[in-house]
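Biologist: Pick one spot and give me a close look at it, please. Then work outwards to whatever else deserves attention.

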Amino acid sequence: MLCHAGPVSVTWRHLPASAREIAGAATDAVEAARDQDTEAYEVASGRLAVAERSGLVLGAVVRLLLEATHPDGLDGDDVRQVLERCVRAAAPWRPEVDPHVVLVLLAGALGVYDPGEDDSPPGPAALARHAPLLVADLLAVTGRPLDGYLSAAFTEIERTERHD
């Protein structure tokens, strides 16, 4: 997979404008999360909230990161640990972090979330405000840059759409 190749220098010029916006906003939001820069995070996550299909891309990135950090698969304890670690890391500078939204992101990335069975499914803006927190947390575990995971996510989405 591309995301395991180590540092990757990616240009987004070959992607459509909407994909370049998602990639740029995701990169900015994850960097702001890593730096705990509230102002930059608000701007970047706001861009993600209005970027069509950003949830699909970030969901694919989260899934790829979960696969990288748990190569033998995840069980309930693993999901709980990821959830707790992410929320605890974000809470000091993002006190409004919502564990339910992070859990929805995890379950969605794993393909086990059904919004019809959720009494209060989070909206796209809430998901966009939380996804970079989860991505930044998982990236800290891998020690790898976001670029490779974004590239792999776009490639995977393109392949899936071609076959559908």
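Modeller: Not counting residues up to four places away in sequence, threonine 69 touches Leu138, Val141 and Thr142, where a contact means heavy atoms within 4.5 Å. Before going on: this is a predicted model, so local features need pLDDT of at least 70 and side-chain atom pairs count only at pLDDT 80 or more, while totals for chains, interfaces and linings use all residues. Residues are numbered from 1 along each chain as its sequence is written, and side-chain values use heavy atoms, with hydrogens and water left out.

Threonine 69 is found in helix H3; helices here are DSSP runs of H or I with at least four residues, numbered from the N terminus. Its side chain makes a polar contact with the side chain of histidine 70, at 2.9 Å. By polar contact I mean a pair of N or O atoms within 3.5 Å, where within protein one must be able to donate a hydrogen and the other to accept it, and residues adjacent in sequence count only if both atoms are side-chain atoms. A polar atom of the threonine 69 side chain also lies 3.3 Å from the backbone oxygen of leucine 66.

Now over to helix H6, where alanine 131 lies. Alanine 131 counts as buried because its relative accessibility is 3%, with buried meaning under 20% relative accessible area, exposed over 50% and partly exposed in between (1.4 Å probe, protein chains only). Leaving aside neighbours within four places in sequence, alanine 131 is in contact with Leu58 and Leu105. Alanine 131 and leucine 105 sit 26 residues apart in sequence, yet their C-alphas are 6.8 Å apart.

Histidine 130 is in H6 too, and at 5% relative accessibility it counts as buried. With neighbours within four places left aside, its contacts include Tyr41, Glu96, Asp98 and Leu105.

Tyrosine 41 brings us to the aromatics: the structure holds 1 aromatic pair. The rings of tyrosine 41 and tryptophan 93 have centres 5.3 Å apart and planes at 85 degrees, so they are edge-to-face. For the record, rings of Phe, Tyr and Trp (its six-membered ring) pair if their centres lie within 6.5 Å; planes under 30 degrees apart count as stacked, over 60 as edge-to-face and the rest as tilted. This pair links distant parts of the chain, 52 residues apart: tyrosine 41 is in helix H2 (residues 38-50), and tryptophan 93 is in the loop between helix H4 (76-90) and helix H5 (99-109). Both partners are buried, tyrosine 41 at a relative accessible area of 0% and tryptophan 93 at 11%.

H6 also helps cover the buried residues of H7, as do helix H1 (17-35) and helix H3 (54-69). Among those buried residues are Leu146, Tyr149, Phe154 and Ile157. H7 (residues 146-163) has 18 residues and reaches 26 Å from its first C-alpha to its last, close to the 26 Å expected, which is 1.5 Å times one less than the number of residues.

Last stop, the loops. Glutamine 36, between H1 and H2, has a positive phi of about 55 degrees although it is not a glycine. Arginine 53, in the loop between H2 and H3, is another non-glycine with a positive phi, about 75 degrees. Glutamine 36 is partly exposed at 44% relative accessibility, and arginine 53 is partly exposed at 42%.

Terms used:
Helix = DSSP H or I, 4+ residues; strand = E, 2+ residues; numbered from the N terminus.
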